[in-house]
Amino acid sequence: MLVSTIAVAATFALPKDGSTLVGEVKVVVPTPDNTLLDLMRHFDLGYDEITSANPGVPVWTPGANTRVVIPTRFILPPKPWQGIVVNIPQRRMFYFPPPKKGQPAQVITYPISIAREGWSTPLGTSKVTAKYRDPGWFVPKSIRDEHREEEGVELPEYFPPGPDNPMGMLAMKTGWPGIFLHATNRPWGIGMRTSHGCMHLYAEDAAELFPQLKIGTPFRVINQSVLVGDAGGQVWMASYDGVGEYPDQAAPETLAASLLDQRILEAVLADQPLDQDRIRRLLAEPSAIPQALNADSPALADALAALPAEPYAFAPYGIDANDASLPEPRQRGGAAASTAP
């Protein structure tokens, strides 16, 4: 039986026990015709997330029977959990919608592309000030000049609405001049540094978020390359490559120390010390997969090796999906399924 599917964002109930982690890591074995780009889009991940979780796995040809790690566990950003929170080094946004009566509070998270070097997104707080369907885009002269210098090609002064528009089909404006959260005509670049200050979304994520988002929704942008969380009685940590052009940012070691000091003390008092070598490795080799720091918890490699692998037999997105339009539903099953273990 064939089942049509389009990937949707990760939606979680906010923990009520003080935990600050959501989601789970999984392992899949894709059919040979799927790439890491297909997997990242299906599971709503960005390029850096899928590649850093699978070092040594070729992006275009993962290979038969390859176990691919899907890093869909996330440490939530620092509170307040209101509106939209974007963490630039994490290359991910979190939307905390107003709770519906009688239902638990939720968080929805999406991967984003961030700004190229020299075009930093402002940090701080703003709000959503407008929403646009099928926007056109008047290309700023500074961007046209840069493109001409780097690519040797002249960009048009105006992109009309449509699937080739770099603004995508849906755009949400912030209070910062010229800064939007919007879809993109280059979805395979999600999770990379591709923008001129805006934040890019997959078309399907923009389509899901756009009708939910109200004008005036708080919008906060942070620059935190180390995240520390709590779940299951353990301390967890994830680290990311920093974005160097922000001034006055703390070194990862300093940030980690400030986040961990109290937890280290509490762990020692509870006779459950934290693994200092694991902390040092995470700072030296950033990993988007949150790792438990308690000394009695398994190492990440052992934890991943113990996970069962699920067969992944969805049809690839195809080259036609690399524009601003919504992807066509894909099927699972049929002949492709027979190639999965």
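How much space lies in the second largest pocket? About 300 Å³. Keep that pocket in mind, since the tour ends there. One thing before you start clicking: what you have open is a predicted model.

**Stop 1: the sheet**

Switch to a cartoon view and look for an open sheet of 9 strands. Walk across it in this order: β2-β9-β8-β7-β18-β11-β14-β15-β17. The pairing is mixed. Now colour β2 (10-13) and β17 (199-201), which stand at the edges. Each has a single partner strand, so one side of each is left without a neighbour in the sheet. As you go from one strand to the next, the twist averages 25°.

Next, select residues 83-87 and 218-222. These are β7 and β18, two strands that run parallel and are joined by 4 bridges. For one such contact, pick Asn87: its bridge partner in β18 is Ile222.

**Stop 2: salt bridges**

Show side chains now. The whole structure has 7 salt bridges, and we'll visit some of them.

Start with Arg193 and Glu245, whose side chains meet at 2.4 Å, N to O. This pair links distant parts of the chain, 52 residues apart. Arg193 sits in strand β16 (residues 193-195), while Glu245 is in the loop between β20 (234-239) and α5 (252-269). How accessible are the two ends? Arg193 is partly exposed, with a relative accessible area of 28%, and Glu245 also counts as partly exposed, at 27%.

Jump to Asp275 and Arg278. Here the closest N and O atoms of the salt bridge are 3.7 Å apart. Is Arg278 buried or exposed? Buried, with a relative accessible area of 7%. Asp275 is buried as well, at 19%; the cut-off for that label is under 20%.

Now select helix α6 (residues 276-284). Inside this helix, Asp277 forms a salt bridge with Arg280, with the closest N and O atoms 2.5 Å apart. The two are 3 residues apart in the helix, so about one helical turn separates them. Asp277 counts as partly exposed at 42% relative accessibility, whereas Arg280, at 51%, counts as exposed.

**Stop 3: the largest pocket**

Turn on a surface. Rolling a probe the size of a water molecule over the atoms shows where empty space is left. The largest pocket has a volume of about 920 Å³. To centre your view on it, select Trp137, Ile143, Pro166, His196 and His200, which lie nearest its centre among the 35 lining residues.

Which elements give two or more residues to this lining? They are α3 (141-151), β15 (180-183) and β16. You have already met β16 as the strand that holds Arg193. The largest share, 6 residues, comes from α3. Colour the lining by class and you'll get 14 nonpolar, 14 polar and 7 charged residues.

**Stop 4: the second largest pocket**

Back to the opening question and its space of about 300 Å³. Select Leu282, Glu285, Ser287, Gln291 and Leu300: of the 15 residues that line this pocket, these are the closest to its centre. Helix α6 returns here, as α6 and α7 (300-305) each supply at least two lining residues. By class, this lining has 9 nonpolar, 3 polar and 3 charged residues.

Definitions and conventions. Residues numbered from 1 in each chain as written. Predicted model: local features only at pLDDT ≥ 70, side-chain atom pairs only at ≥ 80, totals over all residues. Heavy atoms only, no water. Pairing = 2+ DSSP bridges. Axes fitted to C-alpha atoms, helices over the stretch in contact; angles between N-to-C directions. Salt bridge = Lys/Arg side-chain N within 4 Å of Asp/Glu carboxyl O. Buried < 20%, exposed > 50% of the residue type's maximum accessible area, 1.4 Å probe, protein only. 1 Å grid on protein atoms, 1.4 Å probe; cavity = no way out; pocket = protein on both sides within 12 Å on 5 of 7 lines; lining within 4 Å. Points joined across faces, edges and corners; volume = space filled by probe spheres on them. Nonpolar A, V, L, I, M, F, W, Y, C, P; charged D, E, K, R; others polar.
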